Every structure is written in C-alpha cells, then in structure tokens.
Amino acid sequence: MKHFFQFTERNTSYKQETLAGVTTFLSIAYILVVNPLILSQTGMDKGAIFTATALTAIIGSLLIGLLANYPIAIAPSMGLNSFFTFSVCIGMGIKWEVALTGVFVAGVIFIVLSLLKIREKIINAIPEDLKHAIAAGIGFFIAFIGFKNARIIIPNKDTFVSIGHLTSPTTGLAVFGLVITILMLVRNVKGAIFYGMIISTIIGMLTGLVKIPTHIMGTIPSLKPTFGVVFPHLQDIFAPEVLAVIFTFLFVAFFDTAGALIALTSQAGIMKDNKIPKIGRALLADSSAGAIGAILGTSTPATSVESSAGIAVGGRTGFTSVITAVCFAIALFFSPILSVITNEVTAPALIIVGGLMAMNLQNINWSRVEVAIPSFLTIIMMPLTSSVALGLAFGFILYPLALLMQKRGKELHPIMYILALLFILYFIFIVK
C-alpha cells in the first residue's frame, strides 16, 4: 500500500493521510445537505439526490485517488448545481430529466477529450505565471466563501459587501474557530485545521449554537426516482436550447476543473516544471465521475477546491482521497450527524486555506506589466464573479493580447490563442 501510493517519495504516512482525508471530508460534507436542497427545487426527489451525491463523491474520489494518486476529492459542484436548477430548469423551463441527460452527454464528451489527451494538452499549454495566478485566485475565492459562510462579511446595498455582526453568537463561533486554528498553525501543530473544526464543533454543541443530533443512524434513501432517467431522454439533446446547455456545462466545468487541479497539485507539491504528472488520469477520473453522477441523479461533479483543507493538513497522495471516499460511504448511514458540520465550523478552514494558497502570489513575475495585469485580473475576478471560469477568461484573453502587442506572440502555445477566442465567444453568447 505504501509503495502504491508512494508514501516515501512524498514524505507522508498513514496517520497524516488519514487525517487529511477526514479534514477534506469535513470541509466538503455540506454538499450532502446543500446539493439535495438546491436540486430538489427542480422537482427531483431529495432523498435520491442525497444518495446520488454521496455515491458520486465516493466513486469520483476513489477514481482520482487510485488512478492519479492525487490527494483530491471529487464531488458535485456548487456553482453547476445552481446553474442546473435556476438557469436551466427554472429559468429555461427545461425538465430536470432532460437537463440531467445534458450533464450525462457533457460527461461522455469529457471522457473522449480526456482519452485523446486534449484536456491535458490545454492545461500544459497555460503559462507558468498564469498557473500561479489561478492558484492564488482560487485561494482568494475560497477565503471569500469562508468569510461569507461565517457571516464575517455580509451583503450591503451600497458597497456590495461590508463587515458582518461580529457579536452574533454564530459568527463569534466562526471567529473563535479562526483564531484558535491560526494559533495552532503558528505553533506548528500538525493537523491544526482539522483540530480547529473539532474544537469549534464541541464548543458549538456546548453553547447550543450547533444542534446536537437526536439520533445517530439513518436509512439510506432509494435511488429509484433518479437512477437511469437520462437514457430515455437521449433523443431530446438535439434541441437548440439543450445543445446550448451542454456547451455551457462543458465550458464552465472544463475550466473550473482545470483551475482547481492546477491550484491543488501546486499546493500539494505535485506540479513540477510547469507540468502536472498523471494529469490525464485525473481528468479521466473527473469526466467519468460526471457521466456516472448523471446516471445516478446529480448535476455535474468537479474537482473540489475544498480538498485544499486536507492538503494543508498534509495530504500528499491518493490515500487521502480514499479516506475521503470512505467517510462519504459512512455518511450514507450516519446522515443525522451531518447536522453538526455547519458553515460556522468549516468557514475558518476555508479562510486559512485561502491564505495559504495565496502564497502563490510570490511566484508571479510582478515586474512585467504584460504578466502582472492579466494575473491580477485572473485573481481578483474569481471572488468578484464567484466563478473560477470567469476569472480564467479575463487572464486568458488579456495575456495573449499583451504579448501580441509586444510582438512576442510566438512565445505562446497556439492553444492559448484558441482559448482566448473561445472565451471571447463565451462572453458574447453565453454570459448575460
């Protein structure tokens, strides 16, 4: 087992990997509650979505852990489940069965692109400075989510966001968790982020801020209402509006996954010389999870940026992902316990991990304006638009333009110019 996961080469251990896997699970376990809440608004069965969400996370995390040996989890994407529900089903009036078929078709196309190594070539063509900008931008994005979840920042009609009510008990719990975790980190306590979440949960239950479950075990809901509904609706995918939906799923999921993989493999020390070993296998795992998830009954899964919490604790191999998958399997039987994993408990982890990922800023060549401006816009637009893909769009359009203006266009791989054109078309025809 140690040889298979390369424990010696990556300087890790069973204890370190297990702690990292559990930390990643705790950081993303909210998806088991939130995904059914969002997707059920389309008319889908909430219980079936819960089971499909857990099974998709189990399968996806096992695939990427075993095939690519990455300490990364795969689970249904929060952004794409909202797009599925509010834009496609409610906004466009497309039945959830047909929309789910679109997710399945997009997953199959992803599998083909991964097998042909097209996705791998695109990721390898991205300049090193932009890769560091992507990693830092996702760090800012993750931290922003953490601040929002903790209500340390809140909406403001005049300034968009402002400081929250820090004296609110639940926000106070998040602030306490943030401070205690930072103190443990600066004291070099191994697993500080994990222990911070555990301490916050205990304090929350003792003070009544976190609800104590009335029972521990629950029954696993049936998959029958959603399982396999994609197959009878395959003939519906040729409608123009459904084709547009498939393209959007493809485009957004592609660059969300690319951005997350670049950021997470960089954080874990896997990316070397601007290349990511076994990236093709990771992309195949991600795309396979997309097709399987649609068959089970959930919207598009993606490489989870919350995996950064486990990597920060010390996750370095696919054994971390295997442990995360095991935790999701256990959660199927112990769903009532999930109520203790609240936003206030996980928010400090996201904020701190975002700060750690922002350390990539030091690797960007800020002295060159043609690098600095596209990198800055890539970083800042991720949290401001709540989209990794849109952040990439600004950088991927401006970086080639800047080099062309300096008559240095030949320094870039031709793929970058194709991506710039695709993003321009994306802004014109898709983004409203």
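**Exercise 1. A phenylalanine and its partners**

Work out which residues phenylalanine 396 is in contact with, leaving aside its neighbours within four places in sequence.

*Solution.* Step 1: look around the ring for heavy atoms within 4.5 Å, which is what contact means here. Step 2: list what you find, namely Ile126, Leu130, Ile134, Phe255, Met416, Leu419, Ala420 and Phe423.

Before you go on, a word on the model: it is predicted, so local features need pLDDT of at least 70 and side-chain atom pairs count only at pLDDT 80 or more, while totals for chains, interfaces and linings use all residues. Residues are numbered from 1 along each chain as its sequence is written, and side-chain values use heavy atoms, with hydrogens and water left out.

Step 3: put Phe396 in its wider setting. The largest nonpolar core has 131 residues, a core being a set of buried Ala, Val, Leu, Ile, Met, Phe, Trp, Tyr and Cys residues joined through side-chain atoms within 4.5 Å. Buried means under 20% relative accessible area, exposed means over 50%, and partly exposed is in between (1.4 Å probe, protein chains only). Phe396 is listed with Tyr70 and Phe84 as having the most contacts inside that core. Helix H10 supplies the largest share of the core, 16 residues.

**Exercise 2. Two crossing helices**

Describe how helix H10 and helix H16 pack, and say which residues make the contact.

*Solution.* Step 1: find the helices. H10 covers residues 240-267 and H16 covers residues 388-405; helices (H or I, at least four residues) are DSSP runs numbered from the N terminus.

Step 2: get the geometry. The packing angle is about 85 degrees, and the axes are 8 Å apart. Axes are lines fitted to C-alpha atoms over the stretch in contact, with angles from 0 to 180 degrees between N-to-C directions. Angles of 65 to 115 degrees count as roughly perpendicular, so H10 and H16 are roughly perpendicular to each other.

Step 3: name the players. H10 brings Val252, Phe255, Asp256 and Gly259, while H16 brings Val388, Ala389, Leu392 and Phe396.

Step 4: sort them by class. You should get six nonpolar, one polar and one charged residues. For the sorting, Ala, Val, Leu, Ile, Met, Phe, Trp, Tyr, Cys and Pro are nonpolar, Asp, Glu, Lys and Arg are charged, and the others, Gly among them, are polar.

**Exercise 3. Which side of H6?**

Find the buried residues of helix H6 (residues 118-125) and explain why they are on the same side.

*Solution.* Step 1: pick out Arg119, Ile122, Ile123 and Ala125, which are buried. Step 2: check the arc, taken from the directions from the helix axis to the C-beta atoms. The four cover only 160 degrees around the axis, which puts them on the same side of H6. Step 3: see what they pack against: helix H5 (96-115), helix H7 (128-150), H10, helix H11 (279-296) and helix H17 (414-429).

**Exercise 4. Alanine 253 and valine 340**

Compare where alanine 253 and valine 340 are found, and say whether each is buried or exposed.

*Solution.* Step 1: alanine 253 is part of H10 and is buried, with a relative accessible area of 2%. Not counting residues up to four places away, alanine 253 touches Leu80, Phe110, Thr248 and Thr300. Its C-alpha is 8.4 Å from that of proline 301, although the two are 48 residues apart along the chain.

Step 2: valine 340 is in the loop between helix H13 (318-333) and helix H14 (343-357), yet valine 340 is buried too, at 11%. Among its contacts beyond four places in sequence are Thr201, Met205 and Val210. Glycine 204 is 136 residues away in sequence but 8.6 Å away, C-alpha to C-alpha.

**Exercise 5. Positive phi**

Place lysine 117 and asparagine 188, which have a positive phi, and give their accessibility.

*Solution.* Step 1: recall the background. Most residues other than glycine have a negative phi. Step 2: lysine 117, with phi of about 65 degrees, is in the loop between H5 and H6 and is partly exposed at 47%. Step 3: asparagine 188, with phi of about 60 degrees, is in the loop between helix H8 (169-186) and helix H9 (192-207) and is exposed at 67%.

Definitions and conventions. Angles under 35 degrees count as roughly parallel, over 145 as roughly antiparallel, 65 to 115 as roughly perpendicular and the rest as oblique.
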